[in-house]
Amino acid sequence: QVQLVESGGGLVQAGGSLRLSCAASGRSFSALAMGWFRQAPGKEREFVAAISWAGGVTYYANSMKGRFTISKDNTKNTMYLQMNSLEPEDTAVYYCAAGRYGSPSRSISEYSYWGQGTQVTVSS
């Protein structure tokens, strides 16, 4: 069993920054790839970024490249998403996820554990 808890969401102005955190607990955390997804009202959940268990391999959705940075600290059992140059289109609930294996994936089906989500709202 892996438990994930997101934090760091909130309201920011366009062009601003936020740093999301995902605290994980459970014996398998250090061996799992992790990722961030987001879901806006009326839209399907979409991939944001993913990272291998050791942090050496990262994937990003094209719209996030150059603006978002995913990282993790296994000694703290925590994953981060640094979001810069935020736009109103980034407004969504952001979810932390842990995969079943160590290789990162863009596919929602490859993740077995999910946090409760944290709301990010970017004003115009």
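**Group meeting: an all-strand chain**

Let me begin at a single residue, N77, whose place is in the loop between strand 7 and strand 8. Please keep in mind throughout that this is a predicted model. N77 has a positive phi of about 55°, although it is not a glycine. With a relative accessible area of 31%, N77 counts as partly exposed, because that value falls between the 20% limit for buried and the 50% limit for exposed. The hairpin that holds N77 has four residues between strand 7 and strand 8.

There is a second residue with this kind of backbone geometry. S85, also not a glycine, has a positive phi of about 50°. S85 lies in the loop between strand 8 and strand 9. Its relative accessible area is 41%, so S85 is partly exposed.

Let me now step back to the whole chain. It has zero helices and 11 strands. A compact globule of 124 residues would have a radius of gyration near 14 Å, and the chain, at 13 Å, agrees with that. Along its principal axes, the C-alpha trace spans about 40 × 30 × 25 Å. Buried residues make up 42% of the 124 residues. The chain exposes about 6200 Å², of which carbon and sulfur atoms supply 47%. Among contacts with a separation of 6 or more, 59% are between residues 24 or more positions apart.

I return to the hairpin in order to place it in its sheet. Four strands form an open sheet in the order 1-3-8-7, with antiparallel pairing. Which strands stand at the edges? They are strand 1, residues 3-7, and strand 7, residues 68-73; each has a single partner strand, so one side of each is left without a neighbour in the sheet. From one strand to the next, the twist averages 15°.

Strand 7 and strand 8, the latter covering residues 78-83, are joined by six bridges in the antiparallel sense. Two of the pairs may help you to find the register on the screen. K72 has M79 of strand 8 as its bridge partner, and I70 is paired in the same way with L81. The side chains of strand 7 alternate: F68, I70 and K72 point to one face and are buried. T69, S71 and D73 point to the other face and are not buried. I would draw attention to K72, a lysine on the buried face.

The next topic is the core. In soluble globular proteins, nonpolar side chains tend to be buried together. Here the largest nonpolar core has 33 residues, and those that touch the most other members are W36, L81, M83 and Y94. Several strands each supply at least two residues of this core, including strand 7, strand 8, strand 9 (92-99) and strand 11. Leaving aside residues up to four places away in sequence, Y94 touches, among others, F37, V48, F68, L81, M83 and V120.

The last of these, V120, leads us to strand 11, residues 118-123. Is V120 buried or exposed? At 0% relative accessibility, V120 counts as buried. Apart from residues up to four places away in sequence, the contacts of V120 include G9, G10, L18, L20, M83 and Y94. The C-alpha atoms of V120 and M79, by contrast, are separated by 17 Å, with their positions 41 residues apart along the chain.

Strand 11 also has alternating side chains: T118, V120 and V122 point to one face and are buried, while Q119, T121 and S123 point to the other and are not. Strand 11 pairs with strand 2, residues 10-13, in the parallel sense, through four bridges. One of the residue pairs there is V12 with V122. Strand 9 runs antiparallel to strand 11, and three bridges join them. In that pairing, the bridge partner of V93 is Q119.

I close with a residue at the surface. G42 lies in the loop between strand 4 and strand 5. Its relative accessibility is 87%, and therefore G42 counts as exposed. The C-alpha atoms of G42 and N62 are 21 Å apart, although the two residues are 20 residues apart along the chain. Set beside one another, V120 is buried at 0% relative accessibility, N77 is partly exposed at 31%, and G42 is exposed at 87%. Thank you.

Notes:
Residues are numbered from 1 along each chain as its sequence is written. This is a predicted model: local features need pLDDT of at least 70, side-chain atom pairs count only at pLDDT 80 or more; totals for chains, interfaces and linings use all residues. Side-chain values use heavy atoms; hydrogens and water are left out. Buried means under 20% relative accessible area, exposed over 50%, partly exposed in between (1.4 Å probe, protein chains only). Contact means heavy atoms within 4.5 Å. Two strands pair if DSSP finds at least two bridges between them. Axes are lines fitted to C-alpha atoms, for helices over the stretch in contact, and angles run from 0 to 180 degrees between N-to-C directions. A nonpolar core is a set of buried Ala, Val, Leu, Ile, Met, Phe, Trp, Tyr and Cys residues joined through side-chain atoms within 4.5 Å. The radius of gyration is taken over C-alpha atoms; the globule rule is 2.2 Å times the number of residues to the power 0.38. Accessible areas come from the Shrake-Rupley method with a 1.4 Å probe; for residues, only the protein chains shown count as cover.
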